[in-house]
Amino acid sequence: GSLPCSDEYDVVVVGGGFGGVYSLNNIRSLNFTTHMYEAGTGLGGIWHWNCYPGARVDTDTPVYQLYAPELYKTWKWKERYSGRDEMVDYFNHIADVWDLRKDITLGARVTQAHWHQDSCRWHLTVVQSSADGTVYKTSVTHCKSVVFCTGFASKHYIPPFFGMDKFGGTMCHTGLWSEDIQLAGKRVAVIGTGASGVQFVQEASPVAAQLTLFQRTPNMALPMGQAVRDESWNTHYKTTYPEQVEKMKTTYAGFLYDFDPRMTFAVSEEERLAFYEDLFCKGGMYFWLGTFADMLKNKKANDAAYEFWRNKTITRIHDAAAAERLAPKVAPHAFGTKRISLEQNYFEQFNRDTVSIVDLNTDPIETFTNKGIKTKSAEHEFDVIVLATGFDSVTGGLTQIDIRGTETTIKDKWEKGVWTHLGMMTAGFPNLFFVYGPQAPTAFVTGPQCAEGQGNWIGDTLVYMRAHGIESLQPRPEAEVKWKEHVNETAEDGLFKDTKSWYFGDNIPGKARESLNYMAGFPLYRKKCAEATGNGYKNQFILA
Ligand code: NA7
């Protein structure tokens, strides 16, 4: 039976990360009645959940923040790359300045969203639970529009290793970390070498009695170049921040730098190596997204970048066998076509007697045991097994919820591939918006910038609907077909498509292989979003 409606809003926001807090404030300032439900016990989204030791932002300050003057003028950053706890503090700052908490229910997971055509309303089922997971209330909220801000990494992925249930020690996925887990003096296993695995390894290695990394693919990690942000830095950047923000809007990934227009081999070898060196020393993503224009497009240019990276990296690792595993002579895939992680002494950890690597390509996991992990060649004993195995990225946050539109669910509609318009709406699901989702620049732009760019488009669309008495708005199916063509076309241009990665859904068995991101950069994306509203939205949307 269905529960009676307990709350009614113009717009409900689901999820309290960057997308959610920005949209909640924006939508409220546009005079809609609104409310946010967040499954976690605190705000921050990914920064709330990923509390594993070492969790840290890979985009530098002051880029990685929302741009509202009332927020940045009253906040001071501590480091160039913020740690997870600082991000949680920052979200509390946002909630204070914008007075958000009165319109937020924490510990409230939206498990169902069903469209009711007769009333043109979404009926949401909201399940509230306490910190220990005990459900204490299930209720129904009605709203005209809903904005899912569930992020690109809210559904964790645990591979089905044989015998997992046999393990008698502590086992945890990085995205579901519990701060109670002890690592000091323990024998620790880490599976996975994405951003989470790299950060965890470099943090846990110094304290663990023993750490074993189970690696399938080495991470071509770059030196972070961490730095302190002192009082004078904080004062200084604020004097030019508005101009910096304008600059960010013009670059590919929303950074303060962009690809260099020169081609790799258009300069002399000496010049090229000096440029690489400079990028490397700058730290962060410069060597990835601030390098020669053809690095991610031309195989030879890419090989040159890899060679430089490898030469830099192997000098840091004492043991030749370990060096070959972490930075092999033959690159396992084109440099930078999987998400690059930023590291702080990651490679030096493998110089410790207590830290080792198992190469899963030659020594695969056969089974978990009561005491640890048995690979083809050996049996390892552990107290803690850390699963840094990633997420059902980009789509999982939406497909894991029972979202039913006019005809079907999002999960079923996307069974064989994603269909969206502008990566923000999908046909058959009127008045349903999503932020930081599929077929948007999600993995290739900073979270805050995406939250604002998409959040503003959604806010403007809601205002347009209200002003014109529109009860329902959804993309035309033909607009989706065109968007998919455009997304796929832009993904063809470059080396990314030849590498198996979560960018293309390869990490989840059975997931359709296609570009889950819009890879043509945020500036062009903004332009496409603006164009789509032409002729009163009528060219690309069905209005009723
Ligand atoms: P990622 O980047 O998806 O990394 C997951 C890691 O887990 C990756 O190294 C995988 O190896 C590994 N993995 C996944 N399945 C298996 C199996 N079955 N066996 C062995 N190893 C496996 O997730 P993160 O949490 O690190 O980072 C997510 C994003 O957060 C990141 O990209 C940033 O945007 C921030 P593979 O590389 O596929 O061989």
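Modeller: Before we start, two strands count as paired if DSSP finds at least two bridges between them. Helices (H or I, at least four residues) and strands (E, at least two) are DSSP runs, numbered from the N terminus. The model is predicted, so to speak with care: local features need pLDDT of at least 70, side-chain atom pairs count only at pLDDT 80 or more, and totals for chains, interfaces and linings use all residues. Residues are numbered from 1 along each chain as its sequence is written.

Biologist: Thanks! Which strand is joined to E13 by three bridges?

Modeller: The open sheet here has three strands, in the order E13-E14-E15, with antiparallel pairing. Its edge strands, each pairing on one side only, are E13 (365-368) and E15 (379-381). Ile365 stands opposite Thr375. The antiparallel partner that three bridges join to E13 is strand E14 (residues 372-375).

Biologist: Now the ligand. Which helix gives the most residues to the shell around it?

Modeller: In all, 19 residues surround the ligand (C-beta, placed from the backbone, within 6 Å of it). The closest are Pro159, Gly192, Gly194, Arg216 and Gly390. With three residues in the shell, the top contributor is helix H5 (residues 195-204).

Biologist: How many residues of that shell are polar?

Modeller: For the sorting, Ala, Val, Leu, Ile, Met, Phe, Trp, Tyr, Cys and Pro count as nonpolar, Asp, Glu, Lys and Arg as charged, and the others, Gly among them, as polar. The shell holds seven nonpolar residues and two charged ones. The polar residues number 10.

Biologist: Back to H5: which strands do its buried residues pack against?

Modeller: A residue is buried if 20 or more other C-beta atoms lie within 10 Å of its own, exposed if 12 or fewer, and partly exposed in between, with C-beta atoms placed from the backbone. H5 is mostly covered, with 10 of its 10 residues buried, and these include Phe200, Gln202 and Glu203. Two residues are in contact if their C-beta atoms, placed from the backbone, lie within 7 Å. The buried residues of H5 pack against E8 (187-191), E9 (210-215), E11 (342-343) and E16 (384-387).

Biologist: Cys120 has a positive phi. Why does Cys120 count as buried, exposed or partly exposed?

Modeller: Cys120 lies in the loop between strand E4 (108-116) and strand E5 (121-129). Its phi is near 50 degrees, and it is not a glycine. Because Cys120 has 15 C-beta neighbours inside 10 Å, it counts as partly exposed.

Biologist: And Tyr436, is it buried or exposed?

Modeller: Tyr436 also has a positive phi without being a glycine, at about 60 degrees. Its place is the loop between strand E18 (432-434) and helix H14 (447-467). Because Tyr436 has 32 C-beta neighbours inside 10 Å, it counts as buried.

Biologist: Which residue does a cis peptide bond join to Thr61?

Modeller: Look in the loop between helix H2 (46-49) and helix H3 (69-72). Omega of the bond is about 10 degrees, and the residue joined to Thr61 is Pro62.

Biologist: Last one: among contacts between residues at least 6 apart in sequence, what share joins residues at least 24 apart?

Modeller: The protein chain has 16 helices and 20 strands. Buried residues make up 47% of its 544 residues. Among those contacts, the share joining residues at least 24 apart is 71%.
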